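Thanks, everyone, for making the time this morning. I would like to walk through one model with you, going from its strands to one of its helices, so please have the view open as I talk.

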Amino acid sequence: SKLCVAIASDMLNNFPGMSDKSALNTRKIVLDSAMTADMAKSLGRQAAEQSGVKFPAQLPVRIFVLGQGTGPNPIPLDKNSILTAYWNGFWEAAGISSSNQIRSLDQACL
């Protein structure tokens, strides 16, 4: 059996009261001018471990994300690679070997 997850979200966690130092504060991480892709990926791994998200190794899982980096307060386009690196680290630590960004939910889980 396989599991396909389609997520429609900007993937920018930043709720009121979230610490600026939290590994879950993706907006702050992405907008940090000193952040590199390697640092973001490491923080993504840390966030997955802290949140306890883990998929079973024997279950093939595919992740599709629609809207990453967009929304009412989008990130600058030059920061999208940092956001992608963060979520790649998160998904890898959670047991997902690959994820994709899509333009339409019609393209997910085909």
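Strand β2 and strand β3, the latter covering residues 99-102, run parallel and are joined by 4 bridges, and I should say at once that we are looking at a predicted model. Within that pairing, Val 65 has Gln 101 as its bridge partner in β3. Between these two strands the chain passes through α3, going from β2 to β3, and the β-α-β crossover that results is right-handed.

On the pairing with β1, strand β2, residues 61-66, is joined by 6 bridges to β1, residues 3-8, and these two strands also run parallel. Here Val 65 of β2 has Ile 7 standing opposite.

Let me now turn to helix α2, which takes in residues 37-51 and, with its 15 residues, reaches 21 Å from the first C-alpha to the last, close to the 21 Å expected at 1.5 Å a residue. Which residues of α2 are buried? They are Ala 40, Gly 44, Ala 47 and Ala 48, and because, seen down the helix axis, the buried residues fall within an arc of 100 degrees, they line one face of α2. What does that buried set pack against? The partner is α3, residues 80-93, the helix through which the chain crosses from β2 to β3.

On the face of α2 turned away from the buried side, by contrast, we find the exposed residues Asp 38 and Glu 49. Finally, just after α2, Gly 52 adopts a positive phi of about 80 degrees.

Note on methods
Residues numbered from 1 in each chain as written. Predicted model: local features only at pLDDT ≥ 70, side-chain atom pairs only at ≥ 80, totals over all residues. Heavy atoms only, no water. Expected span 1.5 Å × (residues − 1). Buried < 20%, exposed > 50% of the residue type's maximum accessible area, 1.4 Å probe, protein only. Arc of directions from axis to C-beta. Contact = heavy atoms within 4.5 Å. Pairing = 2+ DSSP bridges. Right-handed = clockwise from strand over helix to strand, strands pointing away.
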